[in-house]
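Trainee: Could you take me through one stretch of this structure up close, and then show me what else is worth looking at around the chain? Keep it informal, please.

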Amino acid sequence: MACMSVLTRDEAQLRAQFLDVHRYTVELDLTTGDETFDSRTAIRFTARSDGNTFVELKPAELRSVTLDGQPLDPESLLDNRLPLKNLTAGEHELRVDAVMRYSRTGEGMHRFTDPSDGETYVYTQMFMDDVQRVFAAFDQPDLKAVFEVSVKAPEGWTVLANGVTARDGDGVWQAAPTPPVSTYLVAVAAGPWHSVRTEHRGLPFGIHCRRSLAPHLDADADEILDVTRACFDRYHEKFEEPYPFDSYDQAFVPEFNAGAMENPGLVTFRDEFVYRSAVTDTERQTRAMVIAHEMAHMWFGDLVTLQWWDDIWLNESFAEYMGYQTTAEATRFTDPWTEFGVTRKAWGYDADQRPTTHPVAPENVDDTASALLNFDGISYAKGASALRQLAAWLGEKDFLAGINTHFARHKFGNATLADFIDSLASATDRDVHAWAESWLRTVGVDTLVPDVRTDHGTWHLDVRHLGSPGAPSPSGAARDGSSRPHRITLGVYDRDLHDERRLTLRERVEADLPATGDLRLTTSGPRPALVVLNDGDLTYAKIRFDAESFETVRTTLSGLPDPLTRAVVWNALRDAVRDGELPPAAYLETARTHLPHETDLALAQGVLAFAAGHIADQYLPPQDRPAALAALTSLCRDLLRRTEDGDHPGLRLIAVRHLIGAAAHPDTIAAWLADGTVPGGPELDPELRWRILARLAVLGATDEAAIAAELERDPSATGQEGAARCRAALPDPDAKRAAWEAMFAGDDLSNYLFTATAQGFWQPEQADLVRQYVPRFYENAVAVAARRGPAIAVAAGRWCFPAHAVDAENLRLGETCLRDADLTPALRRTLADRLDDLSRALKVRGAQPAAARQA
């Protein structure tokens, strides 16, 4: 891979002081072949003084460059920078004619040919600094401009863009000029799309997917459009500034690296959100939330954009918070905060306890490579949690008033954290600046610990902080042991007088826990059976239980009436396991006791995922894994028996999926595959068939012939991924060798096929077979990341990492690699996180049961 310079903040600030960029005219020709496309760009800009600058471009071939009609030397392009020297103050026009490469890694202009029907699709992902893979640009978020984009496309294709597009007689599609937007938000998606179009509030709305997915999009079109319209209307109730663009298209595109991207007027989603197999209602809720999240970006991110990447949380935290809140308010999915609590929040807690943690709003993001590392559980989940806490602390009315002030002050411009806090402060008497300092500029997770005492008909509750002192993070921030202020709700529960297995809410008490000092309450009446700190999950903190409350949790957790309260409790148990305070087997026993009675799908999925992926796969030693899988299998069978009446199809689907994953013997699931159904349902759709075949591959109960037959039955893109996963999972030295070479010896695998192969390769059951590959991973990952760029670097670090090898030697190899190797930043960060997880797993395994404390 050619060397690529990254933009520093200092360079961006100097260029923003030097330039005003007015308009881009971009002409793309997608008819020139399968490997490259033509890109012609005219940029009109003003230099405020005499001086030098540069424009970014990463071409396959730079044909010509002219500045104000005078040719520049194409050979002056160094790495990805074309110098513009001796500019005079005033107006200028730069013209660039280049040949650009299509991508197979989801970066720049990604090209995909559908194996189902041979149709080809391309789409852009310009995020961060990938616009230069498509056209020449002054690539930084605070140099906004108007974009006029035209695309020449093959006959039969439709071209989508940020604005309404129209085709002329020569096969060229012209998009309406945009308002001023940042370079990273420009978008094009072209191909023989299947489209469903409508109109809402006078604006054209559309949803689009590959033709092979047309029946599945059509089946869900009403739901997707209903959610879109409901969120659109709700945002117009919340925000005084109207939707700022001329149309709203949502394109579900193949091999997309993220969940979705907020391109103004053309949101791109990974096309797994077009469901071709059965899904749970929680998965549909997640799709609705992502729709709401991306639409929130139309205001926060697109209308008002960060000035530099240190404020990425202004985009993502806001959209994450607003996505969940608006889904709850405007759609049929009324309880998304439970899923946030059990899934997204856990992601944030985990990220915030690693050495790579950083503040929600870091102060020293020096360049684009560093900024890319911050798209994690902190910028999304912790930031959204902080905003939820802020809304509770300010009140919804003042919170929205501050946001609307922010939009009015900065629309079609750029803003910083200081600007946002000033806007909020204008709407309240509370000290928002102090709140921001304690919540957004610090790292780590507070832990809230209760102490309950009784005397003479009263009970006393003391809540104290255990701050989160930690080693300095790469961002330079460190906790000094002090804590944040928290507005929390205390849930007080008694055992039901008529059913000891149930709990009833006695009262909820809202209270402010100061940053320094404890919270103390005295209440008349008997001691409650359970006190839940942070009931309602309005703050971001780990919680613990007093001894009697923990005993209640152990015996009566499923008797809590509110799923969000149960999410808080399950998260507390999860945290206690990860902190070495609760034995993993105790968590598994609690799941075995209470999950068969669970009704919330997000909770059932979240608990089973942690029990399987962390406890069975990593936290328990190998000799205890069979018993853990047996417990999970028994638990799933209980859920199957409970759902035989057909009233809980989502819960049944979750149980089937996890029973397949926990199967230690092939007979049952092989019979399901042969029969094409689970007894009592569901019938096996493609997703379940591939899931079973992958597990049979791990167990050595299938072969290449069966995989090839299944691929012939399902030759789709997901079928290709399923086959790659199964082949890599076969317990055969030749299969392992072929999978390894596909990932690391060649560069032919797309991002999705690379990931699928990696997912199949490492299996706990095959530790001896793949032992030789553990040391090879580090050298090979360094090389492939350097060759193929950030997207593959992250995939290699995340999915190719030998997480099953929970031993000191693997940790030593990884730490040596981090210390000695010349790593790309994306791989360094991903490996550091995986090694921290490995270190934690080793500590959990090493914790003596006698020393383990209750949660």
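Mentor: Let's start with a strand pair: in this predicted model, strand E24 (residues 486-495) lines up with strand E25 (residues 503-513) in the antiparallel sense, and ten bridges hold the pairing. To find your place in that pairing, pick out Leu 490, which sits opposite Val 509 in E25. E24 has another partner too: strand E27 (residues 530-532) runs antiparallel to E24, with three bridges between them. Your marker for that pairing is Tyr 493, whose bridge partner in E27 is Leu 530. How much of E24 is covered? Eight of its ten residues are buried, so call the strand mostly covered.

While you're in this part of the sequence, have a look at the open sheet of four strands, ordered E26-E23-E22-E28, with mixed pairing. Its edges are strand E26 (519-524) and strand E28 (542-543), each of which pairs on one side only. Inside that order, strand E22 (residues 447-455) and strand E23 (residues 458-466) run antiparallel and share nine bridges. Leu 448 is a handy marker here, standing opposite His 465 in E23.

Now jump back towards the start of the chain and click on Thr 46, which belongs to strand E2. Is Thr 46 buried or exposed? Its relative accessible area is 13%, and the cut-off for buried is under 20%, so Thr 46 counts as buried. The side chain of Thr 46 has polar company: there is a polar contact of 2.5 Å with the side chain of His 22, and another of 2.7 Å with the side chain of Glu 91. Setting aside neighbours within four places in sequence, the residues in contact with Thr 46 are Phe 18, Leu 19, Asp 20, His 22, Gly 90 and Glu 91.

Asp 20 from that list is worth following. The side chains of Asp 20 and Arg 48 form a salt bridge, at 2.6 Å from N to O. This pair brings together distant parts of the chain, 28 residues apart: Asp 20 is in strand E1 (residues 19-29), while Arg 48 is in the loop between strand E2 (36-47) and strand E3 (51-56). Both ends are partly exposed, with relative accessible areas of 31% for Asp 20 and 43% for Arg 48.

As you know, side chains of opposite charge can pair when their charged atoms come close. This structure has 74 salt bridges, and here's another to zoom in on: the side chains of Glu 223 and Arg 287 meet at 2.9 Å, N to O. Because Glu 223 is in helix H2 (residues 214-238) and Arg 287 is in helix H3 (residues 281-297), the pair ties together parts that are 64 residues apart in sequence. Arg 287 is buried, at 2% relative accessibility. These two are also part of a salt-bridge network whose members are Asp 220, Glu 223, Asp 281, Arg 284, Arg 287 and Arg 332. Further along the chain, Asp 768 forms a salt bridge with Arg 771, with 2.2 Å between the closest N and O atoms. Asp 768 is exposed, with a relative accessible area of 62%.

On to the greasy side of things. In soluble globular proteins, nonpolar side chains tend to be buried together. The largest nonpolar core here has 128 residues, and the members that touch the most others are Trp 570, Tyr 587, Trp 672, Met 743, Phe 754, Phe 777 and Leu 831. Helix H14 (residues 601-619) gives this core its largest share, eleven residues. Try Met 743 as a centre for your view: beyond residues up to four places away in sequence, Met 743 touches Leu 749, Phe 754, Thr 757, Ala 758, Phe 761, Val 784 and Cys 800. A separate core has 122 residues, among them Tyr 248, Ala 319, Leu 387 and Leu 417.

One last stop: Ala 190, in strand E14 (residues 188-191). Ala 190 is buried, with a relative accessible area of 0%. Outside the four places on either side in sequence, its contacts are Leu 30, Tyr 121, Val 122, Trp 157, Thr 158 and Val 159. For a sense of distance, Ala 190 and Val 151 are 39 residues apart in sequence, with 8.7 Å between their C-alpha atoms.

Key
Residues are numbered from 1 along each chain as its sequence is written. This is a predicted model: local features need pLDDT of at least 70, side-chain atom pairs count only at pLDDT 80 or more; totals for chains, interfaces and linings use all residues. Side-chain values use heavy atoms; hydrogens and water are left out. A salt bridge is a side-chain nitrogen of Lys or Arg within 4 Å of a carboxyl oxygen of Asp or Glu. Helices (H or I, at least four residues) and strands (E, at least two) are DSSP runs, numbered from the N terminus. Buried means under 20% relative accessible area, exposed over 50%, partly exposed in between (1.4 Å probe, protein chains only). Two strands pair if DSSP finds at least two bridges between them. A polar contact is a pair of N or O atoms within 3.5 Å; within protein, one must be able to donate a hydrogen and the other to accept it, and residues adjacent in sequence count only if both atoms are side-chain atoms. Contact means heavy atoms within 4.5 Å. A nonpolar core is a set of buried Ala, Val, Leu, Ile, Met, Phe, Trp, Tyr and Cys residues joined through side-chain atoms within 4.5 Å.
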